[in-house]
Amino acid sequence: MTNVVVVESPAKAKTINKYLGKDYTVLASYGHVRDLPPKDGSVRPDDSFSMDWQVDDRAKKRLDDIAKAVKGADHLFLATDPDREGEAISWHVEEVLREKKVLDGVDVKRVVFNEITKSAILEAMKHPRELDADLIEAYLARRALDYLVGFTLSPVLWRKLPGSKSAGRVQSVALRLICEREAEIEVFRPQEYWSVEVGFAKETGEKFRTRLTHLGGEKLDKFGIPNEAAAKAAVEAIKAREFTVASVEKKQVRRHPSPPFTTSTLQQEASRKLRFSATQTLRTAQRLYEGADIGGETVGLITYMRTDSFSMAGEAIAGARRLIDNDFGKDYLPDSPRAYRTKAKNAQEAHEAIRPTDMWRRPKQMAQYLERDQLALYELIWQRAIACQMESVVLDQVAVDLASGDDTVRLRATGSVIVFDGFYKVYHEGRDEDSGADAKGDGDKGDDDEQGKILPPLAENEAVARGDIVPDQHFTQPPPRFTEASLVKRLEELGIGRPSTYASIIQVLQDRTYVTLEQRRFMPEDRGRVVTAFLESFFRQYVEYDFTADLENKLDDISGGRIEWKSVLREFWAAFSKAIEKASEFRIRDVVDALDEDLGPHFFPDVDPKTGEVNEDPRKCPACDDGRLGLRLGKFGAFIGCSNYPECKHTRRLAIAGTGADGAGEVAADKELGKDTASGETVWMKDGRFGPYIQLGEVKEIEEETKTGKKKIKKEKPKSVSIPKGKDLAEIDLEYALELLALPRDVGPHPEDGEMIIAGLGRYGPYIKHKSTYKSIEADELFSIGLNRAVALLLEAPKRGANAALKTLGDHPEDSKPVTVHSGRFGPYIKHGKVNASLPKGVEPDGITLDQAIPLLNARKERMSAKTGGKAAPKKAAAKKKAPKKTAKPKAAAKKKAS
């Protein structure tokens, strides 16, 4: 009897093949094998939402191998992942094999398992089932929706908002979250308030500290002491009084452990504690799920990592309880197992939380088998799974109120002591970094802030001696920008996206340069803000949080068999297609006006963001008397320009005047730096759409005579050069400007061949060049680099056309070909086959890993495919062909048309 088993990855195939033995052939599909072609018409709403599917070029060989193995086989087991995407891959594989006509007489079954262990695999093989039609239809609906939004909304975006990139159904909503948070920060105005802390001592000399809570018989709220004068008055009121203990309140509280990890909570905690991105977390978890070689046998170390479920299998809970009893003692073991209820309406179709497959595989024992990132994530998963079955933490909390004799002034001291550490023995849950309630990071202190603060024994009516009185000034802080952890948490709270989508949502926003990650927090780029403003102005319903969450719930209902999938598509498309038609009628002027109104407070703030000074007229053009600044749209996107164009040609980048993304600032108005003694021309510092630059002289009008003897005026543009990124504009003087205008400069002859080495400033920044070899340099080396330093740097640069790898990251999981790091003219990049992907800003070649490289390569492939529609790009020359001349139609053709 011949049996063929299909899984996603070769690592998974290799492990399962060992478990099943020689009667089974286990092959890998290498993920999805086909998708909708990236061109218009792949989903046809008018044809009952029929879809065209295209087999991936890389998957053709894999499918041929599977088809060859299936021929003559008795059984085909589709054993892809136990979620919606896994069901879809199995469906695609079966459909392609049916098209190849190799399934006649073959029994096709679906097999699912939640962990890759021998017992789990063998048990799953005993219980095969049919493909789940509901899950497949949920996948089809989701894929169709994403396609219809992307391929109908994005062209509108490109036409009405030049320079923009594509818009996604869920990504646009996530972008709105980030942009709205930034808008909150911009309009935030800090509010001053004060607190007063007072030291006291018992007669025995034991000291403790209190905080003022009541003044003048009234309870103080956060802003009860608004300024220094009020604080001084409070200090005087305290000084004038004696205090005794008014009340002592003691209580014992229990803190319970958090449930085991789901996909989103794992991504959040890995971001907080390990500083992993959402993508890195999932990729590392995938490797732990697929297994590690332990004692000559490959074993899956964790259960499936895409899940919304909190439940754990009974044998896993029993294993955790035995380990707790063995390692920590009976005091740490609850009387009965803990059960956690999943809040998600439809828990991602996978049946368990993320947990170790064997609780007795302690992290210390696994250290010798795992890479650093794998071990760190495994330890986190193991700790959470064990802690969730441990006893609660017990704390003694004490609150002591002191009162003056007339009871007009009251102070409070609090303390909290751990009586029993419970699950803290193993695990403390991380918390999102917050900006705090005030500029000093203080605020309302919770249990964690007071934990470990022990108060001396105090009794009611006990007299205490007052010590120092410390008034402290605070300022409220704006809401913090989203981290990856807090963004995933917020998306989950709103019901937007699902566990398998959070990582891709975040990655797409970064790939499209709609947002940047600075100090682990998301900041919207101005391009992202413009796109969000456009969508909110003209497609508001489709970026509403409730609408997106409701659509996600309907997709869940499809997977649960509660609603018909095409009815969801029909309802969505009926309204969305009308919105697209209406959008095509918008004039560019309407778009500009809407964006200008929406983003005006951002780009033209009433208060200068650097100096804090009030801008009396933030839209006044600095280059002319009566011009007004506003948003403009050009060939390369949005920019800020003057209303008096073309008489006034003042423009600046799409940014707030006086600020810059690189910290260099911007030129508020054209600045005259002085005269060039050689030419007599004026040297200017200006700011254009692409950043600040130096210009020598002005545009000259030169009269020329044409071949026919007519006179015409030709405009000669002045010489200009960009200012290197990061250069402080305040430091630029005439001498530096003239040096820039004189570039490129000779550094010196190369000692080997005498060819001149030059230093220059190109599109991608400062560089040195020898023949065809380029090497990037720092901006401050542009005028100071010497011959010896230049020769040494050029030795590090690969010669043009050379393909020497700086390092090999490992084999790509799809085809086992190497992924390598290279240094190019425009910076470091990674390479896999014919695909090259630049390293993101701030990522060093020495620090990148294979897990980080693969998403970059995949994103690059998608962009290449999107640009060419899945085909080779047509040559530019083809577009320049002249249109054929019109000719008379043949009579036969005319008669046919008439008939």
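Of the contacts in the chain between residues at least 6 apart in sequence, 66% join residues at least 24 apart, a contact being heavy atoms within 4.5 Å. The model is a predicted one, so local features need pLDDT of at least 70 and side-chain atom pairs count only at pLDDT 80 or more, while totals for chains, interfaces and linings use all residues. Residues are numbered from 1 along each chain as its sequence is written, and side-chain values use heavy atoms, with hydrogens and water left out.

As for the overall make-up, the chain holds 24 helices and 36 strands; these are DSSP runs numbered from the N terminus, with helices being H or I over at least four residues and strands E over at least two. Of the 899 residues, 47% are buried, where buried is under 20% relative accessible area, exposed is over 50% and partly exposed is in between (1.4 Å probe, protein chains only). About 46200 Å² of the chain is exposed, and carbon and sulfur atoms supply 49% of that area. Accessible areas come from the Shrake-Rupley method with a 1.4 Å probe, and for residues only the protein chains shown count as cover.

Now to the helix pairs. Two packed helices are described by the angle between their axes and the distance between the axes. Helix α16 (residues 526-538) takes part in two such pairs, one with α19 and one with α5. The axes of α16 and α19 (residues 588-603) come within 9 Å and cross at roughly 125°; axes here are lines fitted to C-alpha atoms, for helices over the stretch in contact, and angles run from 0 to 180 degrees between N-to-C directions. The two helices are therefore oblique to each other, given that angles under 35 degrees count as roughly parallel, over 145 as roughly antiparallel, 65 to 115 as roughly perpendicular and the rest as oblique. On the α16 side, the contact is made by D526, R529, V530, A533, F534, S537 and F538, and on the α19 side by D590, V591, A594, L595, D598, L599, H602 and F603.

With α5 (residues 133-160), the axis of α16 comes within 12 Å and the crossing angle is roughly 110°. That makes α5 roughly perpendicular to α16. Here L153, V156, L157 and K160 of α5 meet V531, F534 and L535 of α16. F534 thus turns up in the contact with α19 as well as in the one with α5.

Helix α20 (residues 734-741) has Y736, A737, L740 and L741 as its buried residues. They cover an arc of only 140° around the axis, which puts them on the same side of α20; the arc is that of the directions from the helix axis to the C-beta atoms. An α-helix has 3.6 residues a turn, so residues three or four places apart point the same way. In the loop between α20 and β29 (745-749) sits P744, and the peptide bond to P744 from L743 is cis, with omega near 0°.

Some other loops deserve a word too. Q389, in the loop between α12 (372-387) and β15 (393-404), counts as buried at 1% relative accessibility. Leaving aside neighbours within four places in sequence, Q389 has contacts that include M312, I317, R338 and Y340. S48 lies between β4 (43-44) and β5 (50-51) and has a positive phi, near 55°, despite being a residue other than glycine. S48 is partly exposed, at 38% relative accessible area. K101, in the loop between α3 (84-99) and β8 (107-110), also has a positive phi, near 60°, and is exposed at 69%.
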